[in-house]
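Got a minute for a walk through a fold? Have the sequence and the model open side by side, and let's see what they show.

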Amino acid sequence: MFKKQHLIIALLIGFIFTANAQEVELNPSHPDTYVVQKGDTLWDISAVFLKSPWLWPEIWHANPQIANPHLIYPGDQINLVYLDGKPALTVNRSHPTVKLGPKVRDIDHDSAIQTIPLKDIEPFLRKLRILNKEDIDLAPYVVAAEEDRNVSATGDVVYVRNLRNARQGDRLAIVRPTVIYREVPTNYPWETSKSHEVESIEWQKSSAYTSTAVMSRFWKKYIDRTYWENVKVLGYEVADTGVAEVVRVGTDDITTLKIIEVDTEVKKGDLILPIDQFNFDPYFQPKAATASGDNIRIVALNNALFGSGRRQIVAISNGSLQGVSVGDVFSVHSPERVIRDEVMHPKNDLKTLFKPSKANVTLPMEMAGHIMVFKTFDNISYAIITDGNRPIKLYDYVKLP
């Protein structure tokens, strides 16, 4: 579970209007007031008032008379008002801070409205991380288990190779390789792409492609095309599965570890890494993304074979090195589709026998929905689908909202 301070979601840290601020359009069916309900999220409340919920910071008017004016709680009343002719949102607190002499009784922050449901993204925040090629080359790994077991569990001993500077008593994370992320070629998908689709494939240090992924509960599909030449590897994802403690430091490149706790059986090829301290910053807010590119794609779907919907998780092929940051909102678009115009050119039309492309017509991209980034790595980001008109699919394009 999240530590208490990680559950304190600060919706806004204040906003100053600038000349180039994005114009805000109100939802045509907006109310003048809205009472915050338990289970609401900032995105849900924003959508009540705005056509573009990520522009909430531009019309939020924090009330300095209220303790923690940037937090919203169930029972609070949100009011739409106009200041200098511009729309603004203010809050009336249903349970104000009460002063008792020198003490202040504050509201329990754990009940504050969240930007997005943290329970939906917790496994991706806590369990997954992405390594680069150098990380993988240097990573210590399980080379064997006691009594030559194929798999090991809590209390068992495993032998690790390449673990440097370890001391007896050190605790380390056991991580399982999951998927390799690759850049999607700009001309993909091709007409024959259906024959090339694959399920998640597990990788190990010794071999990038072995058997069906144990951790496919995270991703059902992702980009991994061994036959694409000169395609950039965006990162090697691993999932934390347990903790082990150093019980003996060897002299021949072998360190003995005892498994303290584990979610799944430990096996040869699992990696040993420092424990992730999980420094998640909860103080993010939705905002229009600024990182743009012609070929940013959806490269993984969470627990979906054909398409993902609201509050499901996706991975996109850009990260912090490309300017993506937590809170960024993108729109997702299905690719253009080339079809045959069978109205003017039926399949038996001899005029297109030697030039079938003459009968082709290109259907435009269609907007599928919006996503908000909640975790970034160098070249990959995880995002949650906040709304959608149609299922978001693998290879869909990610663009500015």
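What follows goes from the whole chain down to a few individual residues.

## The chain as a whole

First things first: this is a predicted model. The protein chain holds 3 helices and 24 strands. It has 401 residues, and 47% of them count as buried. The accessible surface adds up to about 20700 Å², with carbon and sulfur atoms owning 50% of that.

How much of the contact map comes from residues 24 or more positions apart? Taking contacts in the protein chain with a separation of 6 or more, such residues account for 74%.

## Strand E23 and its partners

A good place to start looking is strand E23, which covers residues 381–388. This strand is mostly covered, with 6 of its 8 residues buried.

Two strands to look at beside E23 are E18 and E22. Strand E18 (residues 313–316) runs antiparallel to E23, and 4 bridges join the two. To find that pairing on screen, look for valine 314, which stands opposite alanine 383 in E23. Strand E22 (residues 366–376) is also antiparallel to E23, this time with 7 bridges. Here glycine 369 has glycine 388 of E23 as its bridge partner. E22 and E23 make a hairpin, with 4 residues between them.

## Helix H2 and what covers it

Helix H2 spans residues 118–126, and its buried residues are Leu118, Asp120, Ile121, Glu122, Phe124 and Leu125. Note that Asp120 and Glu122 are on that buried list alongside Leu118 and Phe124. An α-helix makes a turn every 3.6 residues, so residues three or four places apart point the same way.

What lies over the buried residues of H2? The cover includes E18, E22 and E23, along with strand E6 (128–131). So E23 comes up again here, because it is part of what covers the buried residues of H2.

## The cavities

A search of the whole structure turns up 2 cavities of 30 Å³ or more. The largest cavity has a volume of about 70 Å³. Its lining is made of Thr41, Trp43, Asp44, Ile116, Pro117, Arg310, Arg311, Ile384, Ile385 and Thr386. Helix H1 (42–49) and E23 are the elements that give two or more residues to that lining. Which element gives the largest share of the lining? That is E23, with 3 residues.

## Two buried polar residues

Aspartate 328 lies in strand E19, which covers residues 328–334. Is aspartate 328 buried or exposed? It's buried: its relative accessible area is 2%, which is under the 20% cut-off. Its side chain reaches the backbone nitrogen of serine 325 at 2.9 Å. Beyond its neighbours within four places in sequence, aspartate 328 is in contact with Lys287, Ala288, Ala289, Gly323, Ile371, Met372 and Val373. Valine 373 sits 45 residues away along the chain, yet the C-alpha atoms of the two are separated by 5.4 Å.

Asparagine 27 is in the segment before strand E1 (33–35). It counts as buried because its relative accessibility is 18%, and the cut-off is 20%. The side chain of asparagine 27 reaches the backbone oxygen of alanine 47 at 3.0 Å. With neighbours within four places in sequence left aside, its contacts are Ala47, Val48, Phe49, Leu50 and Lys51.

## Loop residues worth a click

Alanine 112 lies in the loop between strand E5 (103–105) and H2. Being in a loop doesn't leave alanine 112 out in the open: it is buried, with a relative accessible area of 6%. Its C-alpha atom and that of proline 74, 38 residues apart along the chain, are separated by 7.5 Å.

Next come two residues picked for their backbone angles. Aspartate 84, in the loop between strand E2 (77–83) and strand E3 (86–92), has a positive phi of about 55° although it is not a glycine. Tyrosine 395, in the loop between E23 and strand E24 (397–399), also has a positive phi, near 80°, and is not a glycine either. Which is buried and which is exposed? Aspartate 84 counts as exposed, at 79% relative accessibility, whereas tyrosine 395 counts as buried, at 7%.

Note on methods:
Residues numbered from 1 in each chain as written. Heavy atoms only, no water. Buried < 20%, exposed > 50% of the residue type's maximum accessible area, 1.4 Å probe, protein only. Contact = heavy atoms within 4.5 Å. Polar contact = N/O pair within 3.5 Å; in protein donor to acceptor, adjacent residues only side chain to side chain. Pairing = 2+ DSSP bridges. Areas by Shrake-Rupley, 256 points an atom, 1.4 Å probe, with all protein chains shown as cover. 1 Å grid on protein atoms, 1.4 Å probe; cavity = no way out; pocket = protein on both sides within 12 Å on 5 of 7 lines; lining within 4 Å. Points joined across faces, edges and corners; volume = space filled by probe spheres on them.
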